[in-house]
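This report walks through one protein model, from its overall make-up to a few selected residues. The sequence and the structure come first.

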Amino acid sequence: MPSNPIGRQTLTLQGLRFDANLGILDQEKTAPQPIQVDAELHLGAQPLMPKDDDIYHVLDYRKVRRIIIDECTAEHVNLLETLIGKLAQRLLQLPGVVGVRVKIAKLEIFDDCEVAIRMEAGEW
């Protein structure tokens with residue numbers, strides 16, 4: 001058995017809900033609407049345990065959460081496709097991230113359904 005076993009690691013944030021300025025409908029342009037973001041960040045090959053129990057040696061999910069919220073609320077965006085592309089691109093810039101999967105759902109656009117889009121980028 002190797003002295004430093006390796007595994008493939010994915011950080012997942014699921015069900016992150018907040019309001020964002022998104023959409024082309026009149027009501028979407030005048031007020032933020034609730035969205036839900038799910039994100040998976042592929043970190044590639046990682047030791048099964050960090051070299052020590054210090055947050056500075058791993059990807060801090062508090063920072064990832066803040067980046068998602070900030071990126072989605074920075075400005076009004078007309079298209080869900082634009083927003084998810086911007087978010088995927090930003091998450092791929094994080095140190096050690098080799099791939100991302102992001103899903104953004106508009107929770108209240110219609111009375112009878114949610115609308116969501118999913119983007120996958122990088123290595124999986």
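Buried residues account for 35% of the 124 residues in this protein. The model is a predicted one. Its exposed area is about 7,900 Å², and carbon and sulfur atoms supply 49% of that area. The C-alpha trace spans about 60 × 25 × 20 Å along its principal axes. Of the contacts between residues at least 6 apart in sequence, 64% join residues at least 24 apart.

**Fold**

The protein has three helices and four strands. Their order along the sequence is β-α-β-α-α-β-β. The four strands build an open sheet, ordered S1-S2-S3-S4, with antiparallel pairing. Strand S1 (6–20) and strand S4 (115–122) are the edge strands, and each pairs on one side only. From one strand to the next, the twist averages 10 degrees.

Which strand does strand S2 pair with over eight bridges? The partner is strand S3: residues 33–47 of S2 and residues 99–106 of S3 form an antiparallel pair. One residue pair can be picked out here: Glu40 has Arg101, in S3, as its bridge partner. In general, the strands of a sheet pair through backbone hydrogen bonds.

**Helices on the sheet**

Two helices can be set side by side by the strands they meet and by their angles.

| Helix | Strands | Angle |
|---|---|---|
| H2 | lies across S1, S2 and S3 | about 40 degrees to S1 |
| H3 | packs on the sheet, touching S2, S3 and S4 | about 150 degrees with the direction of S3 |

**Loops and surface**

Helix H2 covers residues 61–73 and helix H3 covers residues 80–92, with Leu79 in the loop between them. Is Leu79 buried, partly exposed or exposed? Its relative accessibility is 43%, so Leu79 counts as partly exposed. Leu79 also contributes to a nonpolar surface patch, together with Ile24 and Leu25. The patch measures about 250 Å².

A second loop residue is Glu108, found between S3 and S4. Glu108 counts as exposed because its relative accessibility is 59%, and the cut-off for exposed is over 50%. How far apart in space are Glu108 and Leu92? They are 28 Å apart, C-alpha to C-alpha, with a sequence separation of 16 residues.

Methods:
Residues numbered from 1 in each chain as written. Predicted model: local features only at pLDDT ≥ 70, side-chain atom pairs only at ≥ 80, totals over all residues. Heavy atoms only, no water. Patch = residues over 30% accessible without salt bridge, like charges linked within 9 Å, V, L, I, M, F, W, Y side chains within 5 Å. Areas by Shrake-Rupley, 256 points an atom, 1.4 Å probe, with all protein chains shown as cover. Salt bridge = Lys/Arg side-chain N within 4 Å of Asp/Glu carboxyl O. Helix = DSSP H or I, 4+ residues; strand = E, 2+ residues; numbered from the N terminus. Buried < 20%, exposed > 50% of the residue type's maximum accessible area, 1.4 Å probe, protein only. Pairing = 2+ DSSP bridges. Axes fitted to C-alpha atoms, helices over the stretch in contact; angles between N-to-C directions. Contact = heavy atoms within 4.5 Å.
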